[in-house]
Amino acid sequence: NLPGWDGIPVCEFFEKRTGIRCYLQNDANACALAEWKFGAAQGCENCVFLTFGTGMGAGLILNGRLYDGTNGMAGEVGHMKLSQTGPVGYGVTGSFEGWCSGGGIARLAKLRLGIDTTAKDLADAARAGDAGAKRVWNEVGRRLGQGLALLADVLNPECIVIGSVYARAHDLLDASMYRALKKHALSHSLSVLRVVPAALGDAIG
C-alpha cells in the first residue's frame, strides 16, 4: 500500500533525528498494541484487533505479548475464504476482506443492489430505513460473525476489538454478527469472549 517505500530505512531516519530507538510495525499490529495498552483490550492476556477499514487484517496479542509469526505474516485474516462466491478482497472471491472491509461493502452493494456507493453512505441509508441497505449490512454482519467464530475457536481470545467500519456501524452489524457467531463458534470459547468496538477512534494508528 506504499509504492516506492520498499527498502527505505525509516527507523534509522527517525533514530538519527530523535536520538530515540524506533520500531516499524504494520497497522494491525500497531493498533493491537495501542488498544491493548490504552484502549478496549486493557488487562487482557489474549486479544485480537481487526482493522475492518480499507482492508481486513488482524493484530494478535497472545499470552501477553504481540505475536507476529515466523516472518511477520501472522494475522493476515483477510485472506481467509468464507464462501465460494461474494465480493473480492485480498485477491480472493468470498474472502473475509471481501465481505468485511469498506471496499468490500461497496462491492457487495454493487452486487446486491446495483448501486455505486460507499460504506458510509450505505450506513446512512440503512439508518434512514432503506430495506436494501439493511439487507446488505445484515449480510456483512453474518459474514463478520462467521470470521469471528474461526478466530474464537482457533485462538480462544478474551476480547476481539474491531476498528474503523465496525466502530462506526456496529449498530447495523451486531444482531446478525452475534447470531452467526453463536451458530458457528464453540460455546465454551464464546463464554469468555467479548467483541467490542475500538476505544481509541481515529487516534488509534
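Is the crossing of H6 and H7 left-handed or right-handed? In this predicted model, the crossing is right-handed, and that helix pair is a friendly place to begin our walk. Helix H6 covers residues 131–155, and its axis passes 6 Å from that of H7, at an angle of about 60 degrees. On the H6 side, the residues that meet H7 include Trp137, Val140, Leu144, Leu148 and Asp153. Their counterparts in H7 include Val165, Tyr166, Leu172, Met177 and His184. By class, the residues of this contact divide into 13 nonpolar, six polar and two charged.

From the helices, let us turn to the sheet. Five strands make up an open sheet with mixed pairing, and their order is S3-S2-S1-S6-S7. Strand S3 (65–67) and strand S7 (194–197) stand at the edges with a single partner strand each, so each has one side without a neighbour in the sheet. On average, and ignoring direction, neighbouring strands here are turned by 25 degrees against each other.

Stay for a moment at the S7 edge. Strand S6, residues 159–162, pairs with S7 in the parallel sense, over four bridges. If you would like a landmark, look for valine 161, which stands opposite valine 196 in S7.

Helices also pack on this sheet. H2 touches strand S1 (47–50), strand S2 (58–62), S3 and S6, and the direction of H2 makes about 50 degrees with that of S2. H7, which we met in the crossing with H6, lies across S6 and S7 and runs at about 160 degrees to S7.

Our last stop is the second largest pocket, where H2 and H7 come up once more. Helix H2 (27–38) and helix H7 (164–184) each supply at least two residues of its lining, and H7 gives the most, with three residues. The pocket holds about 250 Å³ of space. Of the 14 residues that line the pocket, Gly163, Ser164, Gly201, Asp202 and Ile204 lie nearest its centre. Sorted by class, the lining has six polar, five nonpolar and three charged residues.

Looking back, H7 is a useful thread to follow through the model: H7 crosses H6, lies across S6 and S7, and contributes to the lining of the second largest pocket.

Notes
Residues are numbered from 1 along each chain as its sequence is written. This is a predicted model: local features need pLDDT of at least 70, side-chain atom pairs count only at pLDDT 80 or more; totals for chains, interfaces and linings use all residues. Side-chain values use heavy atoms; hydrogens and water are left out. On a 1 Å grid over the protein atoms alone, a cavity is a set of points where a 1.4 Å probe fits but cannot get out, and a pocket is an open set with protein on both sides within 12 Å along at least five of seven lines; lining residues have an atom within 4 Å of a point. Grid points are joined across faces, edges and corners, and a volume is the space filled by probe spheres set on the points. Ala, Val, Leu, Ile, Met, Phe, Trp, Tyr, Cys and Pro count as nonpolar, Asp, Glu, Lys and Arg as charged, and the others, Gly among them, as polar. Axes are lines fitted to C-alpha atoms, for helices over the stretch in contact, and angles run from 0 to 180 degrees between N-to-C directions. A crossing is left-handed if the near helix is turned anticlockwise from the far one by less than a right angle, and right-handed if clockwise. Contact means heavy atoms within 4.5 Å. Two strands pair if DSSP finds at least two bridges between them.
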